[in-house]
Amino acid sequence: MLRFVEEIVLLLLRDDDGKFVNVPQSSMDRAIAGAVLMELAMENRIDTDLEHLILIDGTPLDDSLLDPTLAMIAEGQGVEGQERDARYWVEQMARQAPEIREEALARLVERGIIEREDDRFLWVFRSRRYPMVDGEAEREVKLRIMGVLFSNEIPSPRDVVIICLAHACGIFNELLSKRELEQASARIEQVRKLDLIGQAMSQSIQDFEIWLANAAVQGRGFF
């Protein structure tokens, strides 16, 4: 079974050319961070309430996508008075998102689901793309999402997570037509409220977007 990070990366890749869809980098980074935290919660390594993210079990999972984050949480909570909420850890892990994404891509290549192609011109590297080799995994994720959005079935915990992640990235703008998105908007809102980490991730993205807008209005640079 794929990890949430691998599933969200698959959804972020365009079917036609294997390049990433046009979503804000900040949203992608926070969604990847949220995916790792949600997976750790599913593995009973962490738990959350409205104010805290709590380490339950710091035992490594022997998983290169999850263990570095688990170690950071264990180290952070080992310092007296340093217990933080889910939003704090979304922000912290968003800084590691490029490395996590590359690890997820490498694992998908190793599984034979995608392949890596470097576009070069006159021996100079220009861009990289990841065309699909075996689309079964991607189709399975999409079918799960559509099955929840356009029915009244109670979603499984994993379906709740992937919908939270897809919404955070803005992937539904790519997956659904305008009419479908209008029809599913209330259901998306209903489902994504079922997960506290998903709410923290969405709030982090919203706060960052507000900060960017204010910085642009005030004419501030980013560095």
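**Loops, helix packing and the nonpolar core**

Asp62 sits in the loop that runs between strand 2 and helix 3. The model is a predicted one, and in it Asp62 takes a positive phi of about 55° even though this residue is not a glycine. Its relative accessible area comes to 77%, so Asp62 counts as exposed, the cut-off for that class being over 50%.

A second non-glycine residue with a positive phi turns up in another loop. Asn44, found between helix 2 and strand 1, has a phi of about 60°. Asn44 is exposed as well, with 54% of relative accessible area. The loop between helix 2 and strand 1 also holds Glu43. Here the accessibility is 27%, and because partly exposed covers the range between 20% and 50%, Glu43 goes into that class. Setting aside residues up to four places away in sequence, Glu43 touches Arg3 and Leu61. The pairing with Leu61 bridges 18 residues of sequence, and the two C-alpha atoms lie 8.7 Å apart.

Helix 3 comes next, spanning residues 67-77. Which of its residues are buried? They are Asp67, Thr69, Leu70, Ile73 and Gly76. An α-helix has 3.6 residues a turn, so residues three or four places apart point the same way. Such a spacing can be picked out by eye in the numbering of Leu70 and Ile73, both on the buried list. As for what they pack against, the buried residues of helix 3 meet two helices and two strands: helix 2 (25-42) and helix 4 (86-94), along with strand 1 (46-48) and strand 2 (53-55).

Further along the chain, helix 6 (residues 136-149) packs on helix 7 (residues 157-169). The angle between them is about 95°, and the axes are 10 Å apart. Angles of 65 to 115 degrees count as roughly perpendicular, so that is the label for this pair. On the helix 6 side the contact is made by Val141, Arg144, Ile145, Val148 and Leu149, while helix 7 brings in Arg158, Asp159, Ile162 and Ile163. By residue type, the contact of helix 6 with helix 7 breaks down into 6 nonpolar and 3 charged residues, with no polar ones.

The largest nonpolar core takes in 64 residues. Which of these touch the most other members? Val5, Leu165 and Met201 do. Leaving out neighbours within four places in sequence, Leu165 is in contact with Met201 itself, and also with Phe4, Ile8, Ala31, Gly34, Ala35 and Met38.

Cysteines get a brief look too. Cys164 has a relative accessibility of 1% and Cys169 one of 3%; since buried means under 20%, both count as buried. As for disulfides, the structure holds 0 of them.

Cys164 is also one of the residues touched by Arg192, which is found in helix 9 (residues 178-192). Is Arg192 buried or exposed? Despite its charged side chain, Arg192 counts as buried, because its relative accessibility of 17% falls under the 20% cut-off. Beyond the residues up to four places away in sequence, the contacts of Arg192 are with Cys164, His167, Gln199 and Ser202.

Notes:
Residues numbered from 1 in each chain as written. Predicted model: local features only at pLDDT ≥ 70, side-chain atom pairs only at ≥ 80, totals over all residues. Heavy atoms only, no water. Helix = DSSP H or I, 4+ residues; strand = E, 2+ residues; numbered from the N terminus. Buried < 20%, exposed > 50% of the residue type's maximum accessible area, 1.4 Å probe, protein only. Contact = heavy atoms within 4.5 Å. Core = buried A, V, L, I, M, F, W, Y, C linked by side-chain atoms within 4.5 Å. Axes fitted to C-alpha atoms, helices over the stretch in contact; angles between N-to-C directions. Parallel < 35°, antiparallel > 145°, perpendicular 65-115°, else oblique. Disulfide = S-S within 2.5 Å.
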